[in-house]
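Please read the following explanation with the structure open beside the text. It proceeds step by step, from sheets and helices to single residues.

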Amino acid sequence: MDIRKIREQFPILAQQIYGKPLVYFDNAATTQKPLRVINKLTGYYSTINSNIHRGVHRLSQEATEAYESARLEVKKFLNAASAHEVIFTRGTTEAINLVAFSFGKKYLNAGDEILLTGMEHHSNIVPWQMIAEEKGAFVKHVPVDDRGCLDLEDFRKMITPRTKIVALTHVSNALGTINPVREVIELAHSMGVPVLIDGAQAASHIPVDVQAMDCDFYCLSGHKMYGPTGIGVLYGKEKWLDEMPPYQGGGDMIDTVSFEKTTYAGLPLKFEAGTQNIGDAIALKEAILFLSETGLAEISRHEDELLHYATEKLIAIGDVTLYGTAPQKTGVLSFLINGVHPYDAGTIIDKFGVAVRTGHHCAQPLIDRFQIPGTVRASFAVYNTKEEVDVFITAVRKAKLMLL
């Protein structure tokens, strides 16, 4: 890859912060957008803005074709068996909520169990707690060890005949751990239990094949994979989506409506009530094309190099504790300067033009497990460089000198 040419595609990277070149290491929160994605979004509103599926006029037909073309691109990207297994949502959060409430309404009963892990994002905890409270079910979690890893034997012990669904993250947003999702899915399926994978932190870093993985549901967010905010995807196996009731009611998700009875549309429209986020879905296709053309294997290799380089440099500073030392991880570096609150360190690092995230990263139970107030998190993307890592390391050294 020619990183210089890749960086030229991202206009935001050319700006300065406090008179210094921007170093953007907050990619686990959201990635920046290449100009081709920005142009695709503005191009939709400039040329074919119209509602989809319902119009016979030219613009509506063109918008519908572009929207459904985006669905086909997602199908290809995830290797789904069919395009109607691809549901557009506002992001991973809505995708998980959809499954929690729709699957939960259909299949959960009092005394049933939902099995999570100790490293989940709040988006993969709170919806399950809400439906569990409504149904009288219980939420359990598999613990995380000191490295930030899961033990498959713990999974084996915690799946019971009362377990109705397992939900876990593919990649931890707080630690970078890549979970053994195929093994978890195989184990759960041997007990007849479906599995939902939160893929928000995986889709832009490592190849995803939902058929090879054999997951029942896979969720992702466009804004974490170089696409717009407010658009995401739920992949679901057809057998589950057919049986689950609609999540929302309204236009476009119906077959017939009367005051006596409503019948619902088939997949995928059954789960896409109302006017969808058409422009952002079309721009998401462009982001996926950017990922595919750049090559996820090459992206992964580049980010791994950055992670290893930054990890060695950070350890060499001294008085630093790393959180998330799993043997299999991707570009997240979570740490504390010993004795320094992460917010204080992050504030100083920012003055060097380096954007990092501080706090519990919407993974408060995981942070509580390590008995810390939070971490400083640097997270890498395809457009980042070793030179930027050097600037980041200089900023961390300065924070250490000022605060210790």
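In what follows, helices and strands are runs assigned by DSSP, with at least four residues for a helix and at least two for a strand, and they are numbered from the N terminus. With this naming, Thr330 can be placed in the loop between E13 and E14. The model shown here is a predicted one.

The two strands on either side of that loop belong to a sheet. Four strands form this open sheet, in the order E13-E14-E17-E16, and their pairing is antiparallel. At its edges stand strand E13, residues 320-323, and strand E16, residues 357-359, each of which pairs on one side only. From one strand to the next, the twist averages 30°.

Strand E14, residues 332-337, is joined to E13 by four bridges, and the two run antiparallel. Within this pairing, Leu322 has Phe335 of E14 as its bridge partner. Four bridges also join E14 to E17, again in antiparallel fashion. Here the bridge partner of Val332 is Ser379 in E17.

How many of the six residues of E14 are buried? Six of the six are buried, and the strand is therefore largely enclosed by the rest of the structure. The side chains can be followed in two groups: Val332, Ser334 and Leu336 point one way from E14, whereas Leu333, Phe335 and Ile337 point the other way.

Two helices lie across this sheet. Helix H12, residues 342-350, lies across E14, E16 and strand E17 (375-379), and runs at about 40° to E17. Helix H11, residues 296-317, lies across E13 and E14, and runs at about 10° to E14.

Helix H11 deserves a closer reading. It has 22 residues and reaches 32 Å from its first C-alpha to its last, close to the 32 Å expected at 1.5 Å a residue. Just after H11, Gly318 takes a positive phi of about 85°.

Which residues of H11 are buried? They are Leu296, Ile299, Ser300, His302, Glu303, Leu306, Leu307, Ala310, Thr311, Leu314 and Ile317. A general property of helices helps in reading such a list. An α-helix has 3.6 residues a turn, so residues three or four places apart point the same way. The cover over the buried residues of H11 includes strands E13 and E14. Among the helices that contribute to it are H1 (3-8), H3 (58-78), H10 (278-294) and H14 (386-403).

One residue of this helix may serve as an example. Leu314 lies in helix H11. Is Leu314 buried or exposed? Its relative accessible area is 0%, and because buried means under 20%, Leu314 counts as buried. Apart from residues up to four places away in sequence, Leu314 touches Val320, Leu322, Leu333, Phe335, Ile393 and Val396. Phe335 has already appeared as the bridge partner of Leu322. The C-alpha atoms of Leu314 and Glu65, which are 249 residues apart along the chain, are separated by 49 Å.

The explanation now returns to the loop. Thr330 has a relative accessible area of 3% and is buried. Its contacts, leaving aside neighbours within four places in sequence, are Val171, Gly176, Ile178, His205, Glu303, Asp304 and Leu307. Of these, Glu303 and Leu307 are among the buried residues of H11.

Empty space can be examined as well. Rolling a probe the size of a water molecule over the atoms shows where empty space is left. About 240 Å³ of space lies in the largest pocket. It is lined by 17 residues, and the closest to its centre are Leu307, His308, Pro327, Gln328 and Lys329. The elements that give two or more residues to this lining are H11, E13 and E14. The largest share, five residues, comes from H11.

A second sheet completes the picture. Seven strands form an open sheet in the order E4-E10-E9-E8-E7-E5-E6, with mixed pairing. Strand E4 (86-89) and strand E6 (138-142) stand at the edges with a single partner strand each, so one side of each is left without a neighbour in the sheet. Neighbouring strands of this sheet are turned by 20° against each other on average, direction ignored. Five bridges join strand E9, residues 217-221, to strand E10, residues 232-236, and these two run antiparallel. In this pair, Ser221 stands opposite Gly232 in E10.

Finally, Glu186 is found in helix H7, residues 181-190. Glu186 is exposed, with a relative accessible area of 61%.

Definitions and conventions. Residues are numbered from 1 along each chain as its sequence is written. This is a predicted model: local features need pLDDT of at least 70, side-chain atom pairs count only at pLDDT 80 or more; totals for chains, interfaces and linings use all residues. Side-chain values use heavy atoms; hydrogens and water are left out. Two strands pair if DSSP finds at least two bridges between them. Axes are lines fitted to C-alpha atoms, for helices over the stretch in contact, and angles run from 0 to 180 degrees between N-to-C directions. Contact means heavy atoms within 4.5 Å. The expected span of a helix is 1.5 Å times one less than its number of residues. Buried means under 20% relative accessible area, exposed over 50%, partly exposed in between (1.4 Å probe, protein chains only). On a 1 Å grid over the protein atoms alone, a cavity is a set of points where a 1.4 Å probe fits but cannot get out, and a pocket is an open set with protein on both sides within 12 Å along at least five of seven lines; lining residues have an atom within 4 Å of a point. Grid points are joined across faces, edges and corners, and a volume is the space filled by probe spheres set on the points.
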